Amino acid sequence: MFNNLSSLNAYLASRRSGKPRDMVAPGPDAAQLDAILHLALRTPDHGKLFPWRFVTVGDRDAFAALLEKAFIATNPDARPAQIEAAIASARFAPTLVLLLYAPQESAKIPLWEQQMSVGAVGMNLLHAAHAHGFVASWITGWASYDPIVREAICHGDEQIAGLFYIGTAGQPLEERPRPEPAEIVRNWP
Ligand SMILES: Cc1cc2nc3c(=O)[nH]c(=O)nc-3n(C[C@H](O)[C@H](O)[C@H](O)COP(=O)(O)O)c2cc1C
């Protein structure tokens with residue numbers, strides 16, 4: 001895709017997230033998704049602890065059923081329309097990958113560094129999807145923090161770092177405000 005530095009810069013300047021609800025087919029096929037996940041794993045990780053996992057969600061109906069069970073457990077009086085709205089995200093976009101934070105015991109590497117590493121995997125995953133010509137989005141939403149969802153997806157101390165939706169933009173992507181470097185950069189001393 002990049003045969004010179006300016007096309008790489010154009011790529012970096014053009015990447016932005018799409019709304020999962022607006023994503024349409026095609027999403028990545030199995031080989032493309034495998035390549036995207038390989039690229040996402042080329043991520044800095046102090047101590048080679050690999051404190052991250054992916055869960056690809058193949059059965060969206062099963063995921064919707066899990067979200068429904070979790071939502072009703074927390075909102076027992078929810079009306080059917082509220083439940084429907086809360087679990088709609090289970091079926092958004094052609095492809096859904098969950099990124100898990102899997103903290104590793106280490107005398108040397110603080111958890112903070114492991115948390116930063118999983119965040120870097122998330123960013124890399126967005127870049128890898130974009131580099132393959134897809135649009136992607138990183139959403140935590142309520143489901144990432146729900147104990148029933150976490151119990152069903154995670155092992156041990158793992159946490160859901162986010163739901164990554166990947167597909168094709170069905171609507172023009174909206175730009176969002178970006179700070180100017182001058183606003184957030186200072187010299188020291
Ligand atoms: C860890 C994390 C969690 C997020 N969770 C949500 C969310 O639950 N709902 C939401 O609307 N946006 C969420 N966002 C923001 C979206 O990903 C947003 O669309 C994105 O930051 C847009 O930036 P981009 O265009 O540079 O990709 C989250 C972002 C991050 C980094």
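Here is a short briefing on the protein chain, its ligand site and one of its helices. The model is predicted, so please read every value below as computed from it. The protein chain has seven helices and five strands, and a ligand sits among nine residues that include Arg15, Ser17 and Arg178.

**Overall fold**

- Starting at the N terminus, the order of elements in the protein chain is α-β-α-β-α-α-β-α-β-α-β-α.
- Along the principal axes, the C-alpha atoms of the protein chain fill a box of roughly 55 × 45 × 40 Å.
- Of the 189 residues in the protein chain, 37% are buried.
- Among contacts in the protein chain with a separation of 6 or more, 77% join residues 24 or more positions apart.
- The exposed area of the protein chain is about 11500 Å², and carbon and sulfur atoms supply 56% of it.

**Ligand site**

- The shell around the ligand is made up of Arg15, Arg16, Ser17, Trp138, Ile139, Thr140, Gly141, Arg176 and Arg178.
- By residue class, this shell divides into four charged, three polar and two nonpolar residues.
- If you are setting up the polar contacts, begin with Ser17: a polar side-chain atom of Ser17 is 2.4 Å from an oxygen atom of the ligand.
- Two arginines also take part: a side-chain N or O atom of Arg178 lies 2.6 Å from a ligand oxygen, and for Arg15 the corresponding distance is 2.8 Å.
- On its own the ligand exposes 640 Å², of which the protein buries 59%.

**Helix α2**

- Helix α2 spans residues 30-40, and its buried residues are Leu33, Ile36, Leu37 and Ala40.
- Why do these four share a side of α2? They cover an arc of only 95° around the axis, which puts them on the same side of the helix.
- The general background is that an α-helix has 3.6 residues a turn, so residues three or four places apart point the same way.
- The other side of α2 carries Ala31 and His38, which are exposed.
- The cover over the buried residues of α2 includes the strands β2 (52-56), β3 (95-101) and β5 (159-169), along with helix α5 (111-131).
- At the N-terminal end of α2, Asp29 acts as a cap, with a side-chain oxygen 3.2 Å from the backbone nitrogen of Ala31.
- Ala31 thus appears twice in this picture: as an exposed residue of α2 and as the partner of the Asp29 cap.

Definitions and conventions
Residues are numbered from 1 along each chain as its sequence is written. This is a predicted model: local features need pLDDT of at least 70, side-chain atom pairs count only at pLDDT 80 or more; totals for chains, interfaces and linings use all residues. Side-chain values use heavy atoms; hydrogens and water are left out. A residue is near a molecule or strand if one of its heavy atoms lies within 4 Å of it. A polar contact is a pair of N or O atoms within 3.5 Å; within protein, one must be able to donate a hydrogen and the other to accept it, and residues adjacent in sequence count only if both atoms are side-chain atoms. Accessible areas come from the Shrake-Rupley method with a 1.4 Å probe; for residues, only the protein chains shown count as cover. Ala, Val, Leu, Ile, Met, Phe, Trp, Tyr, Cys and Pro count as nonpolar, Asp, Glu, Lys and Arg as charged, and the others, Gly among them, as polar. Buried means under 20% relative accessible area, exposed over 50%, partly exposed in between (1.4 Å probe, protein chains only). Helices (H or I, at least four residues) and strands (E, at least two) are DSSP runs, numbered from the N terminus. The arc is that of the directions from the helix axis to the C-beta atoms. Contact means heavy atoms within 4.5 Å.
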